[in-house]
Amino acid sequence: CSADIAPRGNEPAPELLAQVKPGELTRGDVRALLGSPSTTSAFGDETWYYISSQTTQWAFNATEELQRQVVAISFDDRGIVKDVRTMDETAGRDVEIVDRTTPTPGREETIIQQLLGNLGRFNKDAAK
Amino acid sequence: CSSDNEPDAYVERPVEELYNIAMADVGEGNYEQAAKSFDEVERQHPYSSWATRAQLMSAYSYYEAEKYDDAIIALDRFIQLHPGNPDVPYAYYLKALSYYEQISSVGRDQKMTRLAYDALQDVINRFPTSEYARDAKLKLDLTVDHMAGKEMDVGRYYLKQKQYLAAVNRFKSVVEVYQTTSHVPEALYRLVEAYALLGMQTEAMKTAAVLGHNYPGSEWYEDAYAVAQGGQPVTDTAQDSGWLPSLPALW
Amino acid sequence: QDIGAGQTGGVIRQIVVEGNQRIEPSTVRSYMAVAEGDAFDPAKLDQSLKSLFATGLFADVALRRNGDALVVRVVENPIINRIAFEGNQRIDDQQLEAETQLRPRVVYTRAKVQSDVQRMLDLYRRSGRYAVNVEPKIIELDQNRVDLVFEINEGPPTYVRRITFIGNSRYSDSSLREEVATKEERWYRFLSSADTYDPDRLTYDRELLRRFYLRNGYADFRVTSAVAELTPDREAFFVTFTMDEGERYKFGKVEVNVSLPDLDAASLQEHIVAEGGEWYNADEVETTVQNLTDAIGARGYAFVDVRPRVTRNTDDRTIDVTFDIQEGPRVFVRRIEINGNVRTLDKVIRREFRLVEGDAFNTAKLRRSRERIRNLGFFEKVEVSNIPAEDAPDQTDIIVDVEERATGELSFGVGWSSSVGALFEAGIRERNLLGKGQDLKLDLRLAQRQTEVDLSFTEPYFLDRPLRAGFDVFHITNDYQDEASYDSTITGGSLRLGWSYNEFLGHTLKYTAQQTDIRNVDDDASRYIREQEGTSLLSQIGHTLTYDKRDSMIEPTDGYVVSVSNAVAGLGGDEKFLRNDIAGAYYIPLADQWTLRLGANAGYIYNYDDKDPLGIAYRYNLGGENLRGFAYGGAGARDGDDALGGNWIANGSVELRLPLGLPEELGVTGKVFTDFGIIGEPDIDVIPGSPYEYSSSIRASVGVGVIWKSPVGPINIDLAQPVLKEDFDETELFRLNFGTKF
């Protein structure tokens, strides 16, 4: 029983990526060639990132990343490709995810309210 | 008038008496009964000057009795019938509150949040100088904060499922669209976390710098600085809810 | 009467409002397009007229020019003083009020009354009443007020009395009746509305019939008409489905045609579920599409689009299926928005999605995601659509709209069974606790010889991974006086974890702690029973591996299921044993409604505590349900008339289910069966002077039975004659049980 491996994100085809060389293409060319970037940098010079990975999930295990590719394309101030870097999953570091969250208010139903509230009849207007 | 709950007898009464009964109910905090009494005032004497006032008071009573749908219907009718009335700003404001108090937790459908946002925006645009605009502005910020909370909730889900790209874009939308909300420091920190996990070191450093610049004292910055330097978060992560499924509140 | 074109020009000095009673002049002015100081512009005046009418406040509006004053003559619509509903029994006033828009103190307009009448008719139609008519009546009052009375004549309820099928040569009416959602009226269906007529459900039934036939090879199947005729007395409906079954096809050539670079068809062959020579099955085609999409996706082709091309060759009645695999449009998922989940948490839905934000968009995975959300069973409707993003042509947002349903269930049941006598059952269950997808269930069963209370809770995604974790708490008392002259009370709980490796193979791990109390053993009971009196504590951990390939869990007619479980008792507690069980059932569809079931079961307990024998409550018992023709435990070791059970068992049954050729409506299915089995001795020391009787010979019985879907509820009768038995065995020729679930 083989675990199902799922392709994630936007993996540019190697032969197309090879055509993206510094000093030649503008942002429009890159978009035409590789499609929209998966994400862009939030601050500073707008670097384009093409992020893709392969994840798998088997039996009761949590989802795992098998491999990952991050392609970073930075542009100079004239909007021409300045630098193309590719990183795989080894570049990533294992960071423990903090559990603290910023509080958000909002009404919560207790068990009894729900059990008795909607036995059989779910009052439509509450759901509108 | 009778307070038992069989349908009130259709008793004709002079308008002042009915109105005072209703106000007495309000005084006692018996809002549901008060709403019914105000409705009686308007029903029996639709053309008296009391009727307009009673319409608004009945809406107020429904609001206090947390019957938000009835309050909203009554307020809409008041606004349609008396657009020029001096109390119209209050009617818009009360309607906004009726949506605002039905906002459900970030995990659920945010329809009420959007309706509250529109209604509060309405109050601010129509009556910028009224005393309600100030409170509406305050509540508007909280509503927007709630929308940002929804983005964070989904972002954290993807982060835990190791779908880092999806998480990054959700946290980025908080930083770009909801800059004024209380979630921005955490969104910045989560970006640092995700960038570190993806190995995008330059982005992690830049984001940690922005966080440090804008929120220097926050715990988020302490963690961000540590992670951007290659370490692990420093503040207490022991707040983990443990392996027990979080037992819901029984009552 | 209003302003003619000739009188234009000049400025409006003053706007006078006449005829208004309740509405202030300022209100009228605020809705008009002209104000004091504007010119008499006919277009604007006309627009004012329209906007005043649009408010719905006025029955009539007229504009007149009087010198340089604009006179606005209005006749206000009356105000509704009271609304009353007369003649309604099935739907109470409160529900009608919730449906209608008009309220006391609201302005009365004819249009709103008509729309309310229509809404009330729809409400009645949804609850199965079609012979309703609603008459609005107006009572004029002073101060331009009116009382509005809806006179309702509900007419009789319109149930579905009979569902008939025309043109179905291959499948009987009763098996098709199982497939459709509309049910015939039965008294025990008073809680459900499935037996009331609902046109939407009828269209859904057409789809269910089409899917059923397409699963069984009828590629040309068409429902030509689905008609519901009202009986002359307007009491009920006769629903008739006419259909054209068409030919039954087999799979002909099934192949893959790949136009993706360096991906050869041969390597994909293993993922094809449909095989040449087998009956055509549309579900298998869809499963193959999913398998191929996942398999090719796993090899890095994110944008794969698998399209089945079906060609019929009517001469040899086969269908060739070619799966065209080409590159789909290069579009990515930008955001996934979930709406309508008023109670269910966002992540309970999002975790069922096969796509993640940022992924390559794929229609097969979208279909799969919608199926998985539907299978949660929390929603009336699940609609999944995708909207291209405006600013990026190669990105699209996926919108999920759900409509929640009541997931709380209250159920009752009465019945009788040979093993426990008359019984009453009740249960309360919430399948979507607090919107977290958790399942909480409380079941109660009171029977003559058994009482059981069982509380169980399950979290489907424990620790955010597909791991079903849960606990049970139970209290069961059993009266085995006639079989073994003792009563047993079992109280305890269990913690369980469950997960699945794939669609068919599931695994559960379970720790159980329970206290068993054997009591009121009567004095002349066997000494082997008397020595069991008292309480014993069990602390056991075990696992069960199940491979389930049946076509349905409720009424399987095809496929097989096998389960293996092992458990060890002894981490504390008094009982110390290793227990191993294997059970399996194989279903072979011989013809429509002819199903052959082969069942087998074997179990072995090794008691590694040499001091005390295995507790009687944990021993195997042969007879009763697992060996019809013999009483419960009737074929095992015996002392006098007390059954002592055994430490190992092996039994099986061969059962043929067949229609008895009786008219369809009776809903009677016959069965012919043979049960057989052997059982081991209990590991008890023989008390000198009172040996117990035991024989390891094989026991067998043959029998006939009937399952009758009676108006009272399903009744199951078995008549079995033991053919291989020992003289000391206890027999039981007749077994009956029936149970109605409301």
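## Interfaces A–B and B–C

Chain A and chain B bury about 4,300 Å² between them, and carbon and sulfur atoms account for 54% of that area. The model is predicted. On the chain A side, Phe43(A), Arg93(A) and Arg100(A) supply 19% of the area buried against chain B, more than any other three residues. Chain A brings 43 residues to the contact and chain B brings 61 residues.

Two salt bridges are counted between chain A and chain B. In one salt bridge the side chain of Arg100(A) meets that of Asp223(B), at 3.2 Å from N to O. Arg100(A) is thus named twice: in this salt bridge and among the three residues that supply 19% of the area chain A buries against chain B. In addition, 17 residue pairs, both members at pLDDT 80 or more, are in polar contact across the interface of chain A and chain B.

The side of chain A that touches chain B draws at least two residues from each of β1 (4-9), β2 (39-40), β3 (48-57), β4 (64-75), β5 (81-88) and α3 (111-117). Of these elements, β4(A) gives the most, with four residues. By residue class, this side of chain A holds 14 nonpolar, 14 polar and 15 charged residues.

The second interface joins chain B to chain C. The area buried there is about 3,600 Å², with 51% from carbon and sulfur atoms. Within chain B, the residues that lose the most area to chain C are Arg43(B), Tyr47(B) and Arg108(B), together 19% of what that side buries. The contact involves 36 residues from chain B and 45 residues from chain C.

Three salt bridges are found across the interface of chain B and chain C. Arg170(B) and Glu357(C) meet through their side chains in a salt bridge, 2.5 Å from N to O. Polar contact links 15 residue pairs across this interface, both residues being at pLDDT 80 or more.

On the side of chain B that touches chain C, at least two residues come from each of α2 (31-44), α3 (49-64), α4 (68-81), α7 (131-160) and α8 (164-177). The largest share, six residues, comes from α7(B). This side of chain B divides into 14 nonpolar, eleven polar and eleven charged residues.

The two named salt bridges are listed below.

| Chains | Salt bridge | N to O distance |
|---|---|---|
| A and B | Arg100(A) and Asp223(B) | 3.2 Å |
| B and C | Arg170(B) and Glu357(C) | 2.5 Å |

Conventions. Residues are numbered from 1 along each chain as its sequence is written. Chains are lettered from A and ligands numbered from 1 in the order in which they are written. This is a predicted model: local features need pLDDT of at least 70, side-chain atom pairs count only at pLDDT 80 or more; totals for chains, interfaces and linings use all residues. Side-chain values use heavy atoms; hydrogens and water are left out. Contact means heavy atoms within 4.5 Å. Buried area is the accessible area (1.4 Å probe) that two parts lose on being put together, summed over both. A salt bridge is a side-chain nitrogen of Lys or Arg within 4 Å of a carboxyl oxygen of Asp or Glu. A polar contact is a pair of N or O atoms within 3.5 Å; within protein, one must be able to donate a hydrogen and the other to accept it, and residues adjacent in sequence count only if both atoms are side-chain atoms. Ala, Val, Leu, Ile, Met, Phe, Trp, Tyr, Cys and Pro count as nonpolar, Asp, Glu, Lys and Arg as charged, and the others, Gly among them, as polar.
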